[in-house]
Amino acid sequence: MSGILDLLNSDLGKQIVSGVASSTGNDTSKTGSALTMALPVLMKAMERNASSPEGAAGLMGALTGKHDGSILNNLGGLFEGGVDESVKQDGAGILGHILGSKQQGVEQVISQKSGLDAGSVGNILKVAAPILMGVLGKQKQEQNISNSGDLTGLLGGLLGGSSANNDQSFLEKILDADGDGSVIDDVAGMVLGGNKSKGGLGGMLGGLFGK
């Protein structure tokens, strides 16, 4: 797999998009749009968290245990009759851990760009997060990764050139604009060379969505 966005265009990715859409009661194309914006941001946040020894050890432990990729073995069963509440709770925990105080901002921006309400975006991300962890767990197994250096290499490799996407760059710039010093600010600075918005969050949102 050359990148996380290539995954969404694969047969597995299409199954994930349609399953997430049906299980959250949302339009398939809008769900795909939301996931296209969200997955690289989640990956970037994970990569940033894994840059510390503690973060890398925590992610390595999760990918070795609960998130070893087995969730991908029966996606049909996962989505059939609606995703189990325990999976969504797991997803909420993952999002809280990797996005922290930025979670609401991420959901609002993706909401405006995808045409879904923020609550729907939140539900999509809760279902997508454990699947994304499963993808990482499977890749970890296949590549026989056993140390934090290789783990950050895996994350960087899956990110590929995804930040070149215009929506993605906008999303990361907006996340960087409120200057609260959280993990996503650091991420956006790494991706965008530290460019700060002159007009702040409101100015950027107005410029992006006030056409």
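**Helices, packing and two salt bridges**

Let's start with a contact: A56, L59, M60 and L63 of helix α4 meet S148, L151 and L155 of helix α9. Sorted by class, the residues of this α4–α9 contact are six nonpolar and one polar, with no charged ones. Bear in mind as you look around that this is a predicted model.

How do the two helices sit against each other? Two packed helices are described by the angle between their axes and the distance between the axes. For α4 and α9 (residues 148–159), the axes cross at roughly 75 degrees and come within 10 Å. Angles of 65 to 115 degrees count as roughly perpendicular, so α4 and α9 are roughly perpendicular to each other.

Now stay on α4 and turn to helix α8. Helix α4 covers residues 53–64 and α8 covers residues 118–142; the two pack at an angle of about 85 degrees, with axes 9 Å apart. That makes α4 and α8 roughly perpendicular to each other as well. On the α4 side, the contact is made by L59, M60, A62, L63 and T64, while α8 brings M133, L136, G137 and K140. By class, this contact of α4 with α8 has six nonpolar, two polar and one charged residue. If you want to trace how α4 handles both neighbours, L59, M60 and L63 are good places to look: they touch α9, and they are also in the contact with α8.

Next, have a look at helix α2, residues 11–24. Its 14 residues should span 20 Å at 1.5 Å a residue, and because the end C-alpha atoms are 20 Å apart, the model agrees with that. Which residues of α2 are buried? They are G13, I16, V17, G19, V20, A21, S23 and T24. The elements covering these buried residues include α1 (4–9), α3, α5 and α8. Just after α2 comes G25, which takes a positive phi of about 70 degrees.

Helix α7, residues 103–114, can be read in a similar way. With 12 residues at 1.5 Å each, the expected span is 16 Å, and the end C-alpha atoms are 16 Å apart, so this agrees too. Inside α7, the buried residues are Q103, V106, E107, V109, I110, S111 and S114. A glycine again follows the helix: G115, just after α7, takes a positive phi of about 85 degrees.

That leaves the charged pairs. How many salt bridges are there? The count comes to two. One of them joins E47 to K44, with the closest N and O atoms 2.9 Å apart. Both E47 and K44 lie in helix α3 (residues 28–49), three residues apart, which is about one turn of the helix. Buried means under 20% relative accessible area, so E47, at 15%, counts as buried. K44 is also at 15% relative accessibility and therefore counts as buried.

The other salt bridge is between D90 and K66, whose closest N and O atoms are 3.4 Å apart. D90 lies in helix α6 (residues 85–99) and K66 in the loop between α4 and α5 (75–79), so this pair ties together parts that are 24 residues apart in sequence. Are its two ends buried or exposed? D90 counts as buried because its relative accessibility is 16%, whereas K66, at 61%, counts as exposed.

How values were computed. Residues numbered from 1 in each chain as written. Predicted model: local features only at pLDDT ≥ 70, side-chain atom pairs only at ≥ 80, totals over all residues. Heavy atoms only, no water. Axes fitted to C-alpha atoms, helices over the stretch in contact; angles between N-to-C directions. Helix = DSSP H or I, 4+ residues; strand = E, 2+ residues; numbered from the N terminus. Parallel < 35°, antiparallel > 145°, perpendicular 65-115°, else oblique. Contact = heavy atoms within 4.5 Å. Nonpolar A, V, L, I, M, F, W, Y, C, P; charged D, E, K, R; others polar. Expected span 1.5 Å × (residues − 1). Buried < 20%, exposed > 50% of the residue type's maximum accessible area, 1.4 Å probe, protein only. Salt bridge = Lys/Arg side-chain N within 4 Å of Asp/Glu carboxyl O.
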